[in-house]
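Welcome, and thanks for opening the viewer. Set the display to cartoon with side chains on demand, and follow the stops below in order.

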Amino acid sequence: SQVRECTSHLMRMAKTKGIAVFIVGHVTKEGNIAGPRLLEHMVDAVLYFEGERHHTFRILRAVKNRFGSTNEIGVFEMKEVGLEEVLNPSEIFLEERSKGAAGSTVVASLEGTRPMLVELHALISPTSFGNPRRMATGIDHNRVSLLMAVLEKRVGLLLQNQDAYLNVAGGVRLDEPAIDLAVAISIASSFRDSPTKPTDVMIGEIGLTGEVRRVSRIEQRVHEAAKLGFTRAIIPDKNIGGWTVPKGIQVVGVSTVYEALQAALGG
């Protein structure tokens, strides 16, 4: 009742005076607002301002908005003068990329309607434990295990006795299926110790039968890659056609994981 009454007073003040009021709430370890969910139901918008402790980047994302879309995000960087907006997050996330390193790939991920190019790292090494370790930062751990099972069953990579460590550079969290292809190629690249081309970008969802499935907004993703100087995009075969490929980038369509590995790693 106290939360309801305090929030009602603040909302009446905002509506009558025509001003914006921000209520700052505590967030639990699970990422939810502490206390009753009543607060989220009463307000017009709920914004999460999040980021990794050891990175200077902060992401502002909306989880509720009564008057607009929740598909947009803002990327900010903390500097001496305060928070400054990052106009092109892709350049920031790729600026420290090492060329010719096995296990490194670039994926064009969507945050709302905004395409971002992010670097993925994978390290595959023989295990010294009874059960191999699977560690992932910025990617769903269960999704990584699923993709490794697909690579073992459909491509023939013997990964059951290998430790796997995956990381998304820059502290970003990726949770869309379109990153599957880049994750799988990163794992195969590290396992074979065969680097991918630094000018390649991978986009695609992977099914349990080893097929590469179509993804949404492929045109915006490829345009973002072309803008940053990438010369080849490996995408689902079903996504080819019906849109204009930008100049300076070659689009390669693949229908299976095996075909994608041949295109990215040369076999």
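Please select Glu-224 to begin: with a relative accessibility of 8%, Glu-224 counts as buried, because that is under the 20% cut-off. Keep in mind throughout that this is a predicted model.

**Stop 1: a pair within one helix**

With Glu-224 still selected, add Lys-227. Glu-224 and Lys-227 form a salt bridge, and their closest N and O atoms are 3.2 Å apart. Both residues sit in helix α6 (residues 218–227), three residues apart, so about one helical turn separates them. Is Lys-227 buried or exposed? Lys-227 has a relative accessibility of 58% and counts as exposed, whereas its partner Glu-224 is buried at 8%.

**Stop 2: a pair from separate parts of the chain**

A search of the whole structure finds eight salt bridges. For another of them, select Asp-44 and Lys-15, whose side chains meet with an N to O distance of 2.9 Å. Asp-44 is in the loop between α2 (38–42) and β1 (45–50), while Lys-15 belongs to helix α1, so this salt bridge ties together parts that lie 29 residues apart in sequence. Switch on a surface, and Asp-44 comes out as partly exposed at 22% relative accessibility; Lys-15 is exposed, with 53%. Now add Arg-66 to the selection: Lys-15, Asp-44 and Arg-66 are linked in a network of salt bridges.

**Stop 3: back along helix α1**

Stay with helix α1, which covers residues 2–17, and pick Thr-7. Thr-7 is buried, with a relative accessibility of 3%. Which residues is Thr-7 in contact with, once neighbours within four places in sequence are set aside? They are Ile-23, Leu-39, Met-42 and Val-43. Show these four side chains together with Thr-7 to see the contacts.

**Stop 4: Lys-79 and Glu-84**

Next, select Lys-79 and Glu-84. They form a salt bridge, with 3.4 Å between the closest N and O atoms. Lys-79 is partly exposed at 41% relative accessibility, and Glu-84 is also partly exposed, at 33%.

**Stop 5: two domains and their contact**

Zoom out and colour the chain by domain: domain 1 runs over 2–87 and domain 2 over 92–265. Their centres, taken over C-alpha atoms, are 32 Å apart. Twelve residues from domain 1 and ten residues from domain 2 take part in the contact.

Between them, domain 1 and domain 2 bury about 990 Å², and 57% of that area is on carbon and sulfur atoms. How many salt bridges are counted between domain 1 and domain 2? The count is zero. The count of residue pairs in polar contact between the two domains, with both residues at pLDDT 80 or more, is zero as well.

To view the domain 1 side of this contact, highlight β2 (57–65) and β3 (73–79), which each supply at least two residues to it. Colour that side by residue class, and you will find six nonpolar, three polar and three charged residues.

**Stop 6: strand β5**

Finish in strand β5, residues 104–111, by selecting Glu-111. Glu-111 is buried, with a relative accessible area of 7%. Then draw a distance from the C-alpha atom of Glu-111 to that of Leu-123: the two are twelve residues apart along the chain, and 26 Å separates them.

How values were computed
Residues numbered from 1 in each chain as written. Predicted model: local features only at pLDDT ≥ 70, side-chain atom pairs only at ≥ 80, totals over all residues. Heavy atoms only, no water. Helix = DSSP H or I, 4+ residues; strand = E, 2+ residues; numbered from the N terminus. Buried < 20%, exposed > 50% of the residue type's maximum accessible area, 1.4 Å probe, protein only. Domains from an automatic or database assignment. Contact = heavy atoms within 4.5 Å. Buried area = accessible area lost by both parts, 1.4 Å probe. Salt bridge = Lys/Arg side-chain N within 4 Å of Asp/Glu carboxyl O. Polar contact = N/O pair within 3.5 Å; in protein donor to acceptor, adjacent residues only side chain to side chain. Nonpolar A, V, L, I, M, F, W, Y, C, P; charged D, E, K, R; others polar.
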